[in-house]
Amino acid sequence: SSGINAEWPLRPGVREVTGGSQQLHDTLLIMIKGKNSLQTRLVAPSFSSLSQQDVFILLSPKALYQFHGRHASVIKRSKATEITKSIVLAKELKCQASDAVVLDEDRGSYVMNKFFNLLSRKSQSETVKGFSPSLSFSLSLSL
């Protein structure tokens, strides 16, 4: 495939998708992962996307959250802060939040419920991989 623009051909193994909607979903979940080199990925905004080793940025038109998994490195946390500042300053990705709310898995708060309410679950029994039973229990209560 030649790609959208002949000057920027697609890499081998990457295919162009046409006919889809160009609009963003109202709620986006960005994952910052990796050890030696960080990767930033857009993942499904659901409980099943979360893990204790990574940092996540959840954004909606009016809210912006930075969630640190219990075992997330300082480097991942720093990168997430850089991204959230960019989103706030430039009002990127349809997000009008004036600041990011930083949440640590180890330090639950009432704001954590708002974060989890923005995430979707496939079923009431869906749990977050690697999260402690007490946190999973509080999540099911908040929804």
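**An aromatic cluster and the sheet beside it**

F47, Y65, F67, F115 and F116 form one aromatic cluster. The structure described here is a predicted model, and the cluster offers a convenient point of entry to the fold.

The framework is best taken up next. Five strands make an open sheet of mixed pairing, ordered β2-β1-β3-β4-β5. β2 and β5 (101-104) occupy the edges; each has a single partner strand, so one side of each is left without a neighbour in the sheet. On average, neighbouring strands of this sheet are turned by 20° against each other, direction ignored.

Within the sheet, β3 pairs with β4 (residues 64-68) in the antiparallel sense, over five bridges. In general, the strands of a sheet pair through backbone hydrogen bonds, whether parallel or antiparallel. Across this pairing, F56 stands opposite F67 in β4. Helix α2 (residues 110-118) packs on the sheet and touches β3, β4 and β5. The direction of helix α2 makes about 100° with that of β4.

With the sheet and helix in place, the aromatic residues can be considered in detail. The structure holds five aromatic pairs. One of them is the stacked pair of F47 and F116, with 5.6 Å centre to centre and 25° between the planes. Because F47 lies in the loop between β2 and β3 whereas F116 belongs to helix α2, this pair ties together parts that are 69 residues apart in sequence. F47 counts as buried because its relative accessibility is 1%, under the 20% cut-off. By the same cut-off, F116 is buried at 0%. F116 also forms an edge-to-face pair with F115, at 5.0 Å centre to centre and with 75° between the planes. Like F116, F115 is buried.

The loop that carries F47 also holds two serines of interest. S49 is located in this loop, between β2 (39-43) and β3 (55-59). A relative accessibility of 13% means that S49 counts as buried. Leaving aside residues up to four places away in sequence, S49 touches L29, V43, A44 and F56. One of these contacts, F56, is the residue that stands opposite F67, and F67 is in turn a member of the aromatic cluster.

S51 likewise has its place in the loop between β2 and β3. S51 is buried, since its relative accessible area is 9%. The side chain of S51 is joined to that of D54 by a polar contact of 2.7 Å.

How values were computed
Residues numbered from 1 in each chain as written. Predicted model: local features only at pLDDT ≥ 70, side-chain atom pairs only at ≥ 80, totals over all residues. Heavy atoms only, no water. Helix = DSSP H or I, 4+ residues; strand = E, 2+ residues; numbered from the N terminus. Buried < 20%, exposed > 50% of the residue type's maximum accessible area, 1.4 Å probe, protein only. Contact = heavy atoms within 4.5 Å. Polar contact = N/O pair within 3.5 Å; in protein donor to acceptor, adjacent residues only side chain to side chain. Pairing = 2+ DSSP bridges. Axes fitted to C-alpha atoms, helices over the stretch in contact; angles between N-to-C directions. Phe/Tyr/Trp six-rings, centres within 6.5 Å; stacked < 30°, edge-to-face > 60°.
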